[in-house]
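Student: Could you take me on a close look at one part of this model, the space shut inside it, and then work outwards from there? I'd like one connected story rather than a list.

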Amino acid sequence: MLQVKQLRGLVADLRIGITLATILPLGSPTTVDDGDVARASWSLPVAGLLVGLLGSAAYVVAHAIGLAPGPAAMLALASTIFLTGALHEDGVADTADGLGGGRTRDRKLEIMRDSRIGTYGACALVISIMLRWSALTAIAEPRSVVVALLLAHAAARAGVPTFMAFVPPARPDGLSASAGRPAPPHAVIALGLGAVVLALGFGPGKAILAMILLSLIGFMMARLAIKQIGGHTGDILGAFEQLGETAILLMAAALFHAGLQS
């Protein structure tokens with residue numbers, strides 16, 4: 001009986017995590033209460049694998065019908081953006097607009113809540129998409145692109161629960177506040193899933209480098225968020241994911257390109 005209950009809890013967490021990170025209409029078996037998102041946050045790397053899988057499928061199909069790496073990479077990115085509802089891209093734009101354009105904490109938070117996009121946000125979006133596109137184009141070889149996309153989307157989300165646990169919400173309302181702070185076991189599980197995926201794709205040595213890189217990104221984002229707005233918001237989490245995703249894709253491009261050249 002206990003095992004059945006645990007299995008139901010596992011499935012519920014997966015449904016919450018996938019619904020949170022994608023537009024897939026899985027729903028939740030019960031009403032999602034405060035704290036449920038924090039509990040289910042361990043499943044975010046699994047949701048990332050699904051996103052990476054769709055992007056991979058788009059690239060493989062595009063390559064199979066004869067498209068060059070450039071258009072194929074753009075179709076892969078478009079697929080991942082569609083599946084996530086541009087959630088993380090929205091976070092990048094709002095974070096850039098708020099932290100770059102506001103002079104006071106309250107003004108920064110006000111800008112980040114504004115659905116309109118400004119100059120900082122537009123530039124940040126262009127840079128994010130172009131870096132990811134150029135990385136996939138440089139990798140080019142379909143199997144390597146599949147590996148890169150799966151690694152990037154899983155690993156970039158693996159650190160989100162830890163970020164939520166250590167950085168307080170910037171305001172008492174909103175998604176970040178209602179989500180709650182993940183308990184250490186849930187954050188550790190997410191980190192462990194990300195580490196396993198990185199080790200399988202990059203190998204143990206390079207996986208450690210990737211985890212150090214992601215940790216540095218998380219530390220810098222946490223320090224910036226705390227200093228400027230007093231904590232994190234949903235937009236900050238989205239921007240953190242995008243930075244991690246971009247970093248892993250660029251690392252994959254460097255490693256895989258070097259492997260092809262050797």
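Tutor: Let's start with the walls. The largest cavity is lined by Thr80, Ile81, Thr84, His88, Glu89, Arg132, His153, Arg157, Glu241, Gln242 and Glu245. Helix H4 (69–84), helix H5 (87–101), H8 and H13 are the elements that give two or more residues to that lining. Helices here are DSSP runs of H or I with at least four residues, numbered from the N terminus. A cavity is a set of points on a 1 Å grid, over the protein atoms alone, where a 1.4 Å probe fits but cannot get out; lining residues have an atom within 4 Å of a point. The volume of the largest cavity is about 40 Å³, and a search of the whole structure turns up one cavity of 30 Å³ or more. That volume is the space filled by probe spheres set on the points, with grid points joined across faces, edges and corners.

Before going on, a word on what you're looking at. This is a predicted model, in which local features need pLDDT of at least 70 and side-chain atom pairs count only at pLDDT 80 or more, while totals for chains, interfaces and linings use all residues. Residues are numbered from 1 along each chain as its sequence is written, and side-chain values use heavy atoms, with hydrogens and water left out.

Now pick one residue from the wall, glutamine 242. Glutamine 242 sits in helix H13 and counts as buried, at 2% relative accessibility. Buried means under 20% relative accessible area, exposed means over 50%, and partly exposed is in between (1.4 Å probe, protein chains only). Leaving aside neighbours within four places in sequence, glutamine 242 is in contact with His88, Glu89, Val92, Ser128 and Arg132; contact means heavy atoms within 4.5 Å.

Stay on H13 (residues 234–261) and you meet threonine 246. The side chain of threonine 246 reaches back to the backbone oxygen of glutamine 242 at 2.8 Å. That fits the polar contact cut-off: a pair of N or O atoms within 3.5 Å, where, within protein, one must be able to donate a hydrogen and the other to accept it, and residues adjacent in sequence count only if both atoms are side-chain atoms. Threonine 246 is buried too, with a relative accessible area of 9%. Not counting residues up to four places away in sequence, threonine 246 touches Ser128, Leu131 and Arg132.

Across to H5, then. Eleven of the 15 residues of H5 are buried, so H5 is largely enclosed by the rest of the structure. The buried set includes His88, Glu89 and Val92, and those three are also contacts of glutamine 242. At 1.5 Å a residue, the 15 residues of H5 should span 21 Å, and the end C-alpha atoms are 21 Å apart, which agrees. The expected span is 1.5 Å times one less than the number of residues.

H8 (residues 142–158) passes that check as well: its 17 residues should span 24 Å, and its end C-alpha atoms are 24 Å apart. For H8, 13 of the 17 residues are buried, so H8 is largely enclosed by the rest of the structure. At its N-terminal end, glutamate 141 acts as a cap, with a side-chain oxygen 3.2 Å from the backbone nitrogen of arginine 143. The side chains of arginine 143 and glutamate 141 also meet in a salt bridge (3.8 Å, N to O). The cut-off for a salt bridge is a side-chain nitrogen of Lys or Arg within 4 Å of a carboxyl oxygen of Asp or Glu. Arginine 143 is exposed, with a relative accessible area of 68%, whereas glutamate 141 is partly exposed at 26%.

H8 and H13 turn up again in an open space. The second largest pocket has a volume of about 400 Å³; a pocket is an open set of points with protein on both sides within 12 Å along at least five of seven lines. Of the 20 residues lining this pocket, the closest to its centre are Gly159, Leu191, Leu214, Ser215 and Phe240. The elements giving two or more residues to this lining are H8, helix H9 (160–166), helix H11 (184–202), helix H12 (204–229) and H13. H12 supplies the largest share, six residues.
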